[in-house]
Amino acid sequence: MWLLGDIPKKGAKLHGSRECMVFEGQRLNYTEFNARINRLAHSLLSFAFDGSKHLAVLAENCPQFMEIYFAAAKAGYVTVPLNFRLANNELTHILKDAEAKILFYGSGYENIAREIAAAAGINFLVSMEGQEEGCLGYEDMLARSHPAEPEVPLDENQMVILMYTGGTTGLPKGVMLSHRNLLTAAIDLTYNYQFHQNEITCFVLPMFHASVWPLMCALIAGGKAAILKRPDLDSILALIEREKCTHINAVPTIYNWLMDHPSLDEFDLSSLKKVSYAGSPMAPELLKKMLQKFNNISFYQGYGLTEAAPTATFLRPEDHVPEGPPEQVNRLKSVGRELLMVELKLVRSDGSEVTPGEIGEILARGKNIMLGYWKKPKQTAETLRNGWLHTGDLGTVDQEGYIYLVDRKHDMIITGGENVYPREVEDILYEHPAVMEVIVIGVPDEQWGEAVKAVVVLRDGMSADEEELIRFVKSRLAGYKCPKTVTFTDKLPKTAVGKLLRAEVKKRYWSGRDRFIS
């Protein structure tokens with residue numbers, strides 16, 4: 001049995017004096033990191049209240065966030081990481097639903113924390129930075145405690161993190177993840193991404209998200225994490241240069257911005273050996289551009305979801321071939337094959353497996369798959385059936401087992417009885433040199449039921465009109481798949497990790513109607 005808290009415990013034993021984290025001038029080695037975690041764990045064990053031992057965290061990236069994850073795991077608590085971009089009423093809903101008793105908050109979130117804590121009936125409020133009146137101080141809690149390993153009976157199958165999904169299709173759902181779920185995924189990724197003791201990951205995505213995995217992997221391998229509070233482009237490039245980072249993981253949106261950054265070539269990125277991307281499919285044109293720009297770097301892609309903690313597939317560096325035989329180049333559109341500890345299959349609506357090239361829903365099973373949705377037995381039963389996680393994602397598979405995402409089930413556009421997958425149209429639009437970002441949606445149409453619409457952000461200093469972009473798509477796709485209209489905008493809504501929010505755009509066109517396809 002191996003538990004989440006064993007990651008820093010083993011790290012201290014095996015890599016004691018090696019640096020494990022760097023953040024805004026603060027440097028921690030494995031011994032110091034584990035001692036702080038133990039102090040916090042003992043402090044948590046001194047709290048007295050009735051009900052669930054659930055604590056919540058409202059903060060941007062910092063070492064304390066990771067200390068809370070691990071300390072809670074050692075003390076038998078459950079961590080509820082909060083998306084700081086949510087509205088106060090959404091945060092209050094999560095705190096109440098999760099039955100959180102303690103709220104840790106970071107700098108800049110003092111007023112929000114007090115408001116939502118009062119509304120949700122939080123027992124204890126903890127300031128992670130400094131001392132606030134009426135709140136406990138994080139460093140004071142550590143100073144009053146001791147660094148010995150806590151002796152708490154735990155089980156690897158008990159919930160340790162309650163991570164709420166983004167809620168883009170309704171109220172957020174709490175995904176229950178166990179020690180075993182998280183460690184299965186982290187060990188699988190550590191192996192497949194070949195993390196080692198000299199690995200230095202540039203960590204830029206939010207710690208409240210499932211994208212925290214590179215940090216877990218670096219700590220398992222005895223490497224180091226260089227942490228950014230938030231993903232500012234200049235700060236990312238400067239951190240890679242300053243700390244000699246060997247790896248970075250980000251979403252395609254961030255890489256799109258980086259490739260468009262006017263000062264990109266002014267930074268020394270020679271230490272970078274691995275680039276990974278996940279969260280949403282990367283447009284083939286952007287990927288080819290990156291492969292040509294950074295031809296000495298290994299590229300990795302992962303596909304997954306919070307419910308899988310978050311691993312499902314893996315596209316290896318050797319599958320990133322921008323030029324060559326069509327069957328090889330085509331794999332740039334793939335999300336790869338199933339990981340070592342995950343089993344996947346694609347099925348028709350009747351549950352039978354598809355043949356290669358046929359569209360089906362992606363199902364996954366393994367020890368990384370969630371326990372279920374918190375307090376939602378009906379949705380859990382719908383999603384976890386016969387031992388398989390039904391992802392809601394549609395794709396195809398080829399003879400070699402490479403999976404190609406088509407789209408989310410609920411994103412499919414039905415126009416005149418024909419199915420249109422937005423991603424296919426978006427990939428074509430991204431080939432146009434003037435298109436920076438795009439979301440394709442279905443909008444109400446009296447004649448066809450739904451009509452295809454593109455909402456586009458153009459690159460600075462470049463121009464294109466509606467007719468030009470429609471004509472561009474028509475030259476590559478069947479007529480019914482082409483946008484009937486194109487709207488231009490300065491920016492598109494995104495999640496905290498930079499994923500484009502299709503549902504938010506759709507709301508503008510479906511608001512007030514009897515049905516809303518999200």
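Is Cys62 buried or exposed at 4% relative accessibility? Cys62 counts as buried, and the close-ups below start from this residue in a predicted model.

**View 1. Cys62 and its closest cysteine partner, Cys20.** Here we look at the surroundings of a buried residue, Cys62, with 4% relative accessibility. The closest cysteine sulfur belongs to Cys20 and lies 14 Å from the sulfur of Cys62, which is too far for a bond. A disulfide would need the two sulfur atoms within 2.5 Å.

**View 2. Cys245 beside Cys202.** Cys245 has a relative accessible area of 0%, so this residue is buried. Its closest cysteine sulfur is the one in Cys202, at 4.6 Å. That separation is still too far for a bond, because a disulfide is a pair of cysteine sulfur atoms within 2.5 Å. If you are counting across the whole structure, the number of disulfides is zero.

**View 3. The second largest pocket and the residues at its centre.** This pocket encloses about 520 Å³ of space. Its lining is made up of 20 residues, and those closest to the centre are Asn330, Lys333, Leu405, Glu424 and Asp427.

**View 4. Helices and a strand in the lining of the second largest pocket.** Helix H11 (284-293), strand S22 (403-408) and helix H14 (422-429) each contribute at least two lining residues. H14 gives the most, with four residues. For the chemistry of this lining, you will find ten nonpolar, eight charged and two polar residues.

Note on methods: Residues numbered from 1 in each chain as written. Predicted model: local features only at pLDDT ≥ 70, side-chain atom pairs only at ≥ 80, totals over all residues. Heavy atoms only, no water. Buried < 20%, exposed > 50% of the residue type's maximum accessible area, 1.4 Å probe, protein only. 1 Å grid on protein atoms, 1.4 Å probe; cavity = no way out; pocket = protein on both sides within 12 Å on 5 of 7 lines; lining within 4 Å. Points joined across faces, edges and corners; volume = space filled by probe spheres on them. Nonpolar A, V, L, I, M, F, W, Y, C, P; charged D, E, K, R; others polar.
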